[in-house]
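Visitor: Please take me through a close look at a single part of this structure, and then set that part in its surroundings. I should like to know which residues deserve attention and how each of them is placed.

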Amino acid sequence: MLAGKVPVGSAVPPRNTAASGSKGSKVLVVNAGSSSIKFKIFTAETLSPGAAGLFDRIGDTANCVLKASVPEDGGKPKKFEKKIPAKDHLTAMQDIMSFIDENVSSTFASEVCAVGHRIVHGLDISQPKLLTPDVISCIQDASVFAPLHNPPHLQGIYAAQKVFGPSVPQVAVFDTAFHQTMPPESYVYGLPYDMYENHKIRRYGFHGTSHKYLVEQAAAMLGKDVSQTNVITCHLGNGSSVAAVRGGQCVDTSMGMTPLEGLLMGTRCGDIDPAVVLYIQNQLGLSATETDTLLNKKSGLLGLTGSNDLRTVIEGAGKGEARSQLGLDMFVRRVRKYIGAYMAVLDGQVDAVVFSAGIGENSALVRGLICERMQALGISVDKDANAAAVGGKQADISGPGARIRTLVIPTDEELSIAQQTLQLVRGAALAA
């Protein structure tokens, strides 16, 4: 543990940021969870990353901890870890600012030109938005679909507003936004239509910030304009989703009204017959809350194998454990199924299949299993290129003569949030 110069419990008053406005040189990206705040700093001119960290266990004052990394010229980033009692998100945000003052820049508050917030659910909002009362109200309304995410996001927003004041523009970047280009036949469920009209029950999709970033990076790798790019993006991690993208716009995605639908995940069951839910409640006596916990937190790889970590599942399969092998086979089969379905959705006109996130970026084995025996669809993988594409490397792992490219692209959701935040703030400044 490196103590650094982190001041303990030094909550600071809201800052006078009148000098910053849109003239500052830094963008702060914030991702607030129920008991945590992740942050990362980018330079506005080049979008190069700076200090980043996680304030965890907010509210548990005996165990609150700030972990951070600060780049140093010509060397490895300096690591910090310190217990700091923070009773709420505001106190934690103030302590983060104190940490930055002490270890990054004492004038940081005046250097910030914008703050970008990651928001999981924004209903049918299709673009990043400046945080106005109406937008905040929408985030509140969407909390019914994301009760574990949106309320903490709001706490992060209120904390940042208190710390920076009204002169620094704050932007909401929604995980659901990228998918709002889907046509109705993709997002409307086969329920009575008034369920959609009156209750907003529909497919929204998630991981949109990641999928948007992957599409843009894939287009660059392919040497194509985004508007001419057709890809299937696979964000594979503890939470996983696939998106079908035509002309740079999402036309279908695997997650639904909530992140529960779609692929088999670490603790989520993914696609399931809705009658199973009724059976669980009517025949097994589980309440709605208990059923929700079962499907979201006790199912998926965890429920099948005892571990939500696919690396552990792969190790178990290698030792001949039948349930680990089943879990691996089911994970792979579900991804293959969606790739095949989205090939059809895109009329077979696919430039590339993209793998990303923890599993997609780092498991050559899983990528190979997903892509094997897909030569008839135009997909093949070079064994050596696939094996080398781990540890955050961007690579084209396509086999010789493959009609459809297979790409590995490390995702960077924080960078995408910073990009979208700057674009909106600069556009608003030009329009003023």
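Guide: A residue counts as buried when its relative accessible area is under 20%, as exposed when that area is over 50%, and as partly exposed in between. By this standard Thr209 is buried, because its relative accessibility is 2%. The model is a predicted one, and Thr209 is a convenient place to begin. The residue belongs to helix H7. Beyond its neighbours within four places in sequence, Thr209 has contacts with Val173, Phe174 and Asp175, and also with Glu413, Ser416, Ile417 and Gln420. One of these contact partners, Gln420, leads directly to the part I propose to examine, the second largest pocket: Gln420 is among the lining residues closest to the centre of that pocket.

The second largest pocket holds about 390 Å³ of space. Its lining is made up of 21 residues, and those closest to the centre are Ser126, Gln127, Phe178, Lys212 and Gln420. Three elements each supply at least two residues of this lining: strand S8 (170-174), helix H7 (208-222) and helix H16 (413-431). Of the contributions to the lining, the largest share is that of H7, with 5 residues. This is the helix in which Thr209 lies. By class, the lining of the second largest pocket contains 11 polar, 8 nonpolar and 2 charged residues.

The position of the pocket may be described in terms of domains. The domain assignment divides the chain into domain 1 (26-174) and domain 2 (224-413). The C-alpha centres of these two domains are 29 Å apart. Each of domain 1 and domain 2 gives at least three residues to the lining of the second largest pocket.

From the pocket I turn to other sites, beginning with Ser105. This residue is in the loop between helix H1 (89-103) and helix H2 (108-111). Ser105 is buried, since its relative accessible area of 16% falls under the 20% limit. Apart from neighbours within four places in sequence, its contacts are with Ile100 and Glu111. Along the chain Ser105 and Asp88 are 17 residues apart, while 24 Å separates their C-alpha atoms.

Val332, in helix H12 (residues 322-345), offers another example of a buried side. Its relative accessibility is 8%. Once the neighbours within four places are set aside, Val332 is in contact with Leu369 and Ile370. The C-alpha atoms of Val332 and Leu369 are 6.8 Å apart, with a sequence separation of 37 residues.

Asp309 is placed in the loop between helix H10 (300-305) and helix H11 (310-318). With a relative accessible area of 22%, Asp309 is partly exposed, because this value lies between the limits of 20% and 50%. Asp309 and Glu372 are 63 residues apart in sequence, and the distance between their C-alpha atoms is 23 Å.

Two residues call for attention by their backbone. Ala357 is not a glycine, yet its phi is positive, at about 70 degrees. Ala357 lies in helix H13 (residues 357-362), and with 7% relative accessibility this residue counts as buried. Arg373 is likewise not a glycine and has a positive phi, of about 60 degrees. Arg373 is found in the loop between helix H14 (364-371) and helix H15 (383-388). At 60% relative accessibility Arg373 is exposed, since the value is over 50%.

The cysteines complete the account. The count of disulfides is 0. A disulfide would require two cysteine sulfur atoms within 2.5 Å of each other. For Cys269 the closest cysteine sulfur is that of Cys234, at 20 Å, and this is too far for a bond. Cys269 is buried, with a relative accessible area of 11%. Cys64 is buried as well, with a relative accessible area of 1%.

How values were computed:
Residues are numbered from 1 along each chain as its sequence is written. This is a predicted model: local features need pLDDT of at least 70, side-chain atom pairs count only at pLDDT 80 or more; totals for chains, interfaces and linings use all residues. Side-chain values use heavy atoms; hydrogens and water are left out. Domain bounds come from an automatic or database domain assignment. Buried means under 20% relative accessible area, exposed over 50%, partly exposed in between (1.4 Å probe, protein chains only). On a 1 Å grid over the protein atoms alone, a cavity is a set of points where a 1.4 Å probe fits but cannot get out, and a pocket is an open set with protein on both sides within 12 Å along at least five of seven lines; lining residues have an atom within 4 Å of a point. Grid points are joined across faces, edges and corners, and a volume is the space filled by probe spheres set on the points. Helices (H or I, at least four residues) and strands (E, at least two) are DSSP runs, numbered from the N terminus. Ala, Val, Leu, Ile, Met, Phe, Trp, Tyr, Cys and Pro count as nonpolar, Asp, Glu, Lys and Arg as charged, and the others, Gly among them, as polar. Contact means heavy atoms within 4.5 Å.
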